[in-house]
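This briefing introduces one protein structure to a reader who has not seen it before. It takes the bound ligand, then the metal sites, then the backbone.

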Amino acid sequence: MLELDCENCSNVTVQGLRALQHGVLERLACGGPLRETMNELCRRAERLAPAVICSVLTVDREGRLHPLAGPSLPDHYSMSLDGMRMGPDAGSCGAAAYFGEPVEVTDIEHDPRWADFRALALPLGLRACWSSPIRASDDRVVGTFAFYYPSCRGASPLDRTIVETCVHLCAIALEQEERKERIHRLAYFDAVTGVANRASMEQHGETTVAAAVANGFGAAIHCVDLDNFKEINDTLGHRAGDILLRSVGERIAAIVNKGDIVARIGGDEFAMVQSHAASAADVVGFATRLMEAMAAPFDLEEAMATVGVSVGIARAPKDGYDLRTLMRKADFALYEAKSSGRGHFRFFDPEIESRIAANRRIWQDLKQAVAAGEFELHFQPIVALGVTRVCGYEALLRWRHPRDGLRTPEDFLPVATKAGLLYEIGAWILNEACASAAALPPDTRVSVNVTQVQLEKTGFADDVAAALAASRMDPSRLEIEIAGSVRLADNAEILDCLTAIRAQGVSVALDDFGVGGSALAHLHALPVNRIKIGRPLAQQAQSSPRAATIVQTIIDLAHELGITTTAEGVETDTQLRMLGQFGCDEVQGFVISPPRPLSAFLDGAETIGGGAHPPSSLA
Ligand code: C2E
Ligand code: CA
Ligand code: CA
């Protein structure tokens with residue numbers, strides 16, 4: 001209980017003040033709505049000081065006043081004060097807030113501080129106004145409490161006692177409200193960006209979607225992912241990362257419509273609920289505006305940065321009725337948008353879901369496939385054209401899946417790569433290939449395929465050395481085939497790794513040359529011994545004169561650089577003859593043999609062809 005300093009009060013007043021205190025504190029303790037509690041306080045104070053009219057205004061951080069309670073004042077009066085700036089001449093309340101001191105105006109009609117407001121007050125019979133600041137415990141002025149009188153007069157000692165009590169109670173109430181708001185903000189808003197957080201999205205999104213479906217409008221969920229957030233965060237620091245997130249939140253908030261929801265739901269993931277999305281065009285329009293809003297560079301203080309965004313979209317009621325389902329589907333669509341090149345938006349379609357489900361099954365099964373011994377290597381012979389003999393074998397991975405049978409790498413390698421399982425599988429391949437070499441003729445080499453993530457991992461060159469040592473394989477018999485998709489020439493780590501591999505006496509081949517990313521321009525910078533002319537190009541040479549010229553040119557150029565050439569995917573005698581005429585050094589393909597288990601090439605088994613004789617052009 002507050003101390004009541006009440007020399008001048010009658011017993012009735014003391015009891016009234018106690019009751020006022022008790023009533024207000026009880027309401028505060030029960031967490032009742034602030035406005036009602038403050039109205040109750042005013043009403044009780046007015047009963048104790050007859051003919052007085054009370055009002056409570058709050059002061060925001062920008063120094064503007066807002067009506068909170070004033071049950072005996074007409075609404076239009078309170079409303080017209082809303083947003084008023086505090087200041088020395090802003091009426092009793094505006095001045096009290098401004099000076100942080102009580103301001104007693106005994107004659108509204110003639111006091112200059114009321115010049116702007118007297119026209120409002122006088123017709124209501126308000127003649128005098130005594131306003132006191134309400135301070136928070138850190139001394140900030142958070143509100144004002146005013147007594148209006150119907151005659152020109154000052155405050156009585158009794159009035160002072162009542163006001164003192166009321167101001168104290170108001171301070172407690174306003175601080176409690178601030179605390180509640182802070183907790184609410186922490187619980188429902190993201191601290192970095194100020195937009196809603198996941199919890200808030202889940203709570204309000206559900207209602208918004210349900211309402212949109214019920215109204216027949218339909219809604220859409222847009223899941224947004226920043227393509228290069230991690231890069232920016234890592235290179236420019238967390239402060240820049242936070243500024244970026246905040247600006248992204250602001251840009252998104254600026255394009256949404258009333259009733260839409262913007263939330264940050266993960267590190268660099270935002271989600272929006274578009275509450276009016278009747279047609280696909282509405283949704284596309286929204287996603288397009290979003291991408292456009294992100295296109296301009298962001299000012300991160302130390303640097304400007306451009307950020308790509310990918311967006312996954314699910315629609316209600318088409319893709320689902322509840323927020324959880326829609327979020328899941330928008331997330332599938334986002335995943336698809338990201339894996340198909342980033343920087344654009346994708347709608348959910350059921351095919352995405354089944355593909356992701358299939359990949360998830362593969363991933364589950366893959367996790368124990370090495371341990372369960374389900375992988376094997378098949379070998380495809382490579383023939384040297386000049387001497388017409390098998391000069392090497394390419395090791396190709398196969399997965400003997402317990403349920404689905406033999407699976408080829410294109411099915412599962414992308415999943416293994418994404419799941420980070422390729423290192424473990426890659427180590428197994430390397431050791432197995434080197435071990436197999438012992439069983440193959442000593443004058444043949446064994447080629448092992450590796451991809452970018454394997455090369456980038458530190459210690460790959462050491463793994464190669466270890467596999468050679470364990471199998472006692474002559475390093476000159478091992479060749480590393482690097483995938484054509486690898487961006488090599490501008491990657492110092494990979495160049496170092498390749499150089500270290502070459503230093504061990506192991507050779508390096510560039511796979512799928514002339515297909516996709518593999519380009520002539522990089523050849524001079526790369527420490528490779530061989531290029532493998534990719535299947536599509538080698539095959540087109542048969543039917544397209546242009547392709548034939550390209551193949552011929554590649555072979556000539558390679559030879560000038562001291563690089564050997566192998567054509568792969570050779571299927572016909574015609575292709576074979578043609579490649580021979582072009583001066584290609586080696587060929588590989590079904591025309592000679594498909595990849596087969598090691599046993600097919602061991603002593604006693606025929607070495608070439610699927611049981612058939614070597615093709616006529618080789619004889
Ligand atoms: P790649 O390195 O270009 O391997 C050649 C692919 O072409 C093999 O498919 C092979 O079976 C197939 N092929 C060979 N001759 C012919 C032909 O005459 N006609 C046709 N149509 N195809 C032919 P596979 O074994 O399914 O391998 C596919 C890709 O998977 C490989 O392409 C390679 O990039 C990757 N891969 C295979 N094994 C491994 C491995 O052990 N490690 C890594 N990192 N990647 C591997
Ligand atoms: Ca290869
Ligand atoms: Ca290839």
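Helices and strands are DSSP runs, at least four residues long for helices (H or I) and at least two for strands (E), and they are numbered from the N terminus. The model is predicted. The space that ligand 1 takes is the largest pocket, and two calcium ions, ligand 2 and ligand 3, are 3.8 Å apart.

**Surroundings of ligand 1**

- The shell around ligand 1 has 24 residues, and the closest are Q380, R398, D511, E571 and F590.
- By type, the shell consists of nine nonpolar, seven polar and eight charged residues.
- Four elements each supply at least two residues of the shell: β15 (389-401), α13 (409-418), β17 (445-450) and β19 (507-513).
- Strand β15 gives the largest share of the shell, four residues.

**Polar contacts and cover of ligand 1**

- R398, one of the closest residues, has a side-chain N or O atom 2.8 Å from an oxygen atom of ligand 1.
- A polar backbone atom of L397 is 3.1 Å from a nitrogen atom of ligand 1.
- In the side chain of R535, an N or O atom is 3.3 Å from a nitrogen atom of ligand 1.
- On its own, ligand 1 has 790 Å² of accessible area, and the protein covers 86% of that area.

**The calcium ion, ligand 2**

- The protein donors of ligand 2 are E394 (OE), N449 (OD1), E481 (OE) and D511 (OD), at 2.1 to 2.3 Å from the ion.
- The sequence spacing of these donor residues is E-x54-N-x31-E-x29-D.
- The pair of E394 in strand β15 and D511 in strand β19 links distant parts of the chain, with their positions 117 residues apart in the numbering.

**The calcium ion, ligand 3**

- The protein donors of ligand 3 are D511 (OD), D512 (OD) and E568, which is listed twice with OE, and they lie 2.1 to 2.6 Å from the ion.
- The donor residues of ligand 3 follow the spacing D-D-x55-E in sequence.
- D512 is in strand β19 and E568 is in the loop between β21 (564-567) and α20 (573-582), so this pair ties together parts that are 56 residues apart in sequence.

**What the sites share**

- D511 coordinates both calcium ions.
- D511 is also among the residues closest to ligand 1.
- Strand β15 holds E394, a donor of ligand 2, and supplies four residues of the shell around ligand 1.
- Strand β19 holds D511 and D512, and supplies at least two residues of that shell.

**Backbone features**

- Most residues other than glycine have a negative phi, and most peptide bonds are trans.
- The peptide bond that joins A316 and P317 is cis, with omega about 0°.
- P317 is in the loop between β12 (309-316) and α11 (323-339).
- T388 is not a glycine, yet has a positive phi of about 50°.
- The loop between β14 (375-384) and β15 contains T388.

Technical notes. Residues numbered from 1 in each chain as written. Chains lettered and ligands numbered in written order. Predicted model: local features only at pLDDT ≥ 70, side-chain atom pairs only at ≥ 80, totals over all residues. Heavy atoms only, no water. Near = heavy atom within 4 Å. Polar contact = N/O pair within 3.5 Å; in protein donor to acceptor, adjacent residues only side chain to side chain. Areas by Shrake-Rupley, 256 points an atom, 1.4 Å probe, with all protein chains shown as cover. 1 Å grid on protein atoms, 1.4 Å probe; cavity = no way out; pocket = protein on both sides within 12 Å on 5 of 7 lines; lining within 4 Å. Sits in = over half its atoms within 2 Å of the grid points. Nonpolar A, V, L, I, M, F, W, Y, C, P; charged D, E, K, R; others polar. Donors = N, O, S within 2.8 Å, 3.2 Å for Na, K, Ca; no water.
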